[in-house]
Amino acid sequence: MLRQLRIFYYNNKTKIWLGVGIIVFVYIIIQLINANIKSNNEKNLLNNTGNISTVNEQTYLTSKSTTVMSDVEVSQETTKKDTDVIKQFVEYCNNKDIEKAYALLSQDCKDEMYKTQDVFENNYVKEIFTESRSYDVQTWTGEGNSVVYKLKYLNDIMATGATNDEYIEDYVTVITENGEKKLNINQFIKKDNINKIIKKGDLEANITNRYVYYDYEEYEILFKNNGQDKIVLDTKEDTESVYVKDTKDVKYHWFGNEIANEYLELAPKENRTLRIKFNKIYFANKSDSAIYFTDIHFNNETYKETLEINVK
C-alpha cells in the first residue's frame, strides 16, 4: 500500500503541489477579503457616527455647536463640558462603577426616576450596558443653562470587533446643579415648580409641579372639593376634553385612559392629587400657557363647565 502511494505521488506530484498551492492561495484571498470587509464596516460606522476619539478603549464624540431641533447655538465651551460629563457617565456604567455613575444624576432625576442606587443599577445600567458600549451624541435642543443631547448607545466595535445597525436611544439633559454639571437621563428633561392655585365654585385646583419628558409631560395637580356635593372633573365622553395649550395656541390632549374614572370624582370635602399626562413632545421654544378642563360637572348637574388654569 505504501509503495503504491509513493508511485502515485511521484507520478502526480506536480498536480498535487499545484492543487495545494491553489488551496492555499484561495484561503489567503478569502482572509484578505474578510479583513477588508471588517475594516470597511468599521470605517463606515465611524463615518456615520461622527468624529470619534478613543480614550481608555471607550469611544465618544464631540457634539455640534448648533442644536438639531431648535437651532439654538451652544458654545464650544459648554459643549465640551457637557460631553465630558456624558463621556464620564458612560465610562462609569461600562465599568459598572454604579456609585460614581449615580452621583452624576441630578437630584430631580433621582427623586423622579431612581430613588435609590439599586433602582438605577437594575432599571438603567443592567438594561442598557449588557455589553461594553460606545456612543454617538448630538446637541438636540436647549434652553437657559440646560442642553438636551440625543444619545445613541452603540456596540463597542473596538472591544467586540462586531458591527450592526442596532442601538439604544436616549435623550440626556445636562444641567448645572450647585455649580456642578449633572444629568437627567432616560428622556427625563426637567421638573418645574409651579404652585399656582385657581378656584371655580367649590372646586380648588393647585398645580404644584410639571414633569417634562422628551415625548410627553405631566402636571401634578391637587384638587379640593370644598363643597357639600360631588364634583366630576371629567366624564371621559370626549377624549379631547382635557388639554394643555401652548403660547402659540396649539393644543395637546391628555392621556385620559391612564386615569381611572373613580379618581375623577370628588366627594364632598375630598382632596385628591392627580398627575395628568399630555401628549406633547418637548421643544425648548414652545412653552405652555394654560390647562383646560372642559367637562366639569358640579352638584350632579348635566351641563358642563370649563376650568382654565394659567401655567405661564
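Begin by selecting strand 7 (residues 188-200) and strand 8 (residues 203-213), which run antiparallel and are joined by 10 bridges. Strands here are DSSP runs of E with at least two residues, helices are runs of H or I with at least four residues, and both are numbered from the N terminus. Two strands count as paired if DSSP finds at least two bridges between them. Within this pair, Ile197 has Asn206 of strand 8 as its bridge partner. The two strands form a hairpin with 2 residues between them, and Gly201 in the turn has a positive phi of about 60°.

The model is predicted: local features need pLDDT of at least 70, side-chain atom pairs count only at pLDDT 80 or more, and totals for chains, interfaces and linings use all residues. Residues are numbered from 1 along each chain as its sequence is written, and side-chain values use heavy atoms, with hydrogens and water left out.

Next, select strands 3 to 6. These 4 strands form an open sheet in the order 3-4-5-6, with antiparallel pairing. Strand 3 (133-143) and strand 6 (180-184) stand at the edges with a single partner strand each, so one side of each is left without a neighbour in the sheet. On average, neighbouring strands of this sheet are turned by 30° against each other, direction ignored. Zoom in on strand 3 and strand 4 (residues 146-155), which run antiparallel and are joined by 10 bridges. Here Arg133 stands opposite Asn155 in strand 4.

Now add helix 2 (residues 76-94), which lies across strand 3, strand 4, strand 5 (168-177) and strand 6 and runs at about 40° to strand 4. Such angles run from 0 to 180 degrees between N-to-C directions, with axes fitted to C-alpha atoms, for helices over the stretch in contact. Contact means heavy atoms within 4.5 Å. Helix 5 (residues 117-128) also packs on the sheet, touching strand 3, strand 4 and strand 5, and its direction makes about 130° with that of strand 5.

Return to helix 2 and select its side chains. Its buried residues include Thr79, Val85, Ile86, Phe89 and Tyr92; buried means under 20% relative accessible area, exposed over 50%, and partly exposed in between (1.4 Å probe, protein chains only). Cys93 is buried, with a relative accessible area of 0%. Just after helix 2, Lys96 takes a positive phi of about 60°.

Finally, select Cys109, which counts as buried at 0% relative accessibility. With a disulfide defined as a pair of cysteine sulfur atoms within 2.5 Å, the count comes to 0 disulfides.
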